[in-house]
Amino acid sequence: MQKSGKKRRRLFRRLLVRFTIREKHLKGTAVHRLLGDYLFDKSLWIPSRISTAKGIAIGLFFGLQPIYGFQILCSIFLAFFLKGNISSAVLSTFISNPLTYAPLIVLQYNFGKWVMNTGIWKNSPLNSGTPGPILAHTE
């Protein structure tokens, strides 16, 4: 029984190594010419405490933004330039998935309603000229 577990781990390790993108695969490609050697910075690909924390923060930020379809691209772009771990940024954007879109949109709407102290049509700040409670520092 233990031999089959070792075989599975060995097979998993071989598959992981086989399908991992490496520096030798990217050198000389259009991506390398566009981004330069900064693409091979270890903090972008190898998890460390700081780069993983940056990646998760970036991914959660874009995961909760209502820019569905562009969340992953935006998180990759920002993680690249802030030296956050790209894989953790991409994985943490999946906090918003098709199952959680509806509750997140409701929460975002209610938070915006609370900040602006108004609904969509009633007492709109554009119509009334009065800012919400946070902007006016009033209750």
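In which helix does K7 lie? In this predicted model, K7 belongs to helix α1, which spans residues 2–18. The report below begins with the chain as a whole and then turns to individual residues.

**The chain as a whole**

The protein chain contains 10 helices and zero strands. Read along the sequence, its pattern is α-α-α-α-α-α-α-α-α-α. The chain has 139 residues, and 21% of them are buried. Its accessible surface amounts to about 10900 Å², and carbon and sulfur atoms contribute 68% of that surface. Among the contacts in the chain with a separation of 6 or more, 50% are between residues 24 or more positions apart.

**Two surface patches**

K7 takes part in a positive surface patch together with K6, R9, R10, R13 and R14. K7 is classed as exposed because its relative accessible area is 56%, and the cut-off for that class is over 50%.

A second patch is nonpolar: I56, L60, L64 and I95 make up a surface area of about 290 Å². One of these residues, I56, is located in helix α5, which covers residues 49–63. With a relative accessible area of 35%, I56 is partly exposed.

**Two residues in loops**

Where is F40 found? F40 sits in the loop between α3 (30–35) and α4 (42–45). Is F40 buried or exposed? Its relative accessibility is 19%, so F40 counts as buried; the limit for this class is under 20%. Apart from neighbours within four places in sequence, F40 is in contact with E23, L26, K27 and H32. For one of these partners, L26, the C-alpha atom is separated from that of F40 by 9.0 Å, and the two residues are 14 residues apart along the chain.

K83 occupies another stretch of the chain, the loop between α6 (71–81) and α7 (86–92). Although K83 is not a glycine, it has a positive phi of about 60°. K83 counts as partly exposed, at 36% relative accessibility.

**Accessibility of the four residues**

The table gathers the values for the residues discussed above.

| Residue | Relative accessible area | Class |
|---|---|---|
| K7 | 56% | exposed |
| I56 | 35% | partly exposed |
| F40 | 19% | buried |
| K83 | 36% | partly exposed |

In terms of location, K7 lies in helix α1 and I56 in helix α5, whereas F40 is in the loop between α3 and α4 and K83 is in the loop between α6 and α7.

Note on methods:
Residues are numbered from 1 along each chain as its sequence is written. This is a predicted model: local features need pLDDT of at least 70, side-chain atom pairs count only at pLDDT 80 or more; totals for chains, interfaces and linings use all residues. Side-chain values use heavy atoms; hydrogens and water are left out. Patches are made of residues with over 30% relative accessible area and no salt bridge: like charges are joined within 9 Å, nonpolar side chains (Val, Leu, Ile, Met, Phe, Trp, Tyr) within 5 Å. Accessible areas come from the Shrake-Rupley method with a 1.4 Å probe; for residues, only the protein chains shown count as cover. A salt bridge is a side-chain nitrogen of Lys or Arg within 4 Å of a carboxyl oxygen of Asp or Glu. Lys and Arg count as positive and Asp and Glu as negative; His and the chain ends are not counted. The place of a charge is taken as NZ of Lys, CZ of Arg, CG of Asp or CD of Glu. Helices (H or I, at least four residues) and strands (E, at least two) are DSSP runs, numbered from the N terminus. Buried means under 20% relative accessible area, exposed over 50%, partly exposed in between (1.4 Å probe, protein chains only). Contact means heavy atoms within 4.5 Å.
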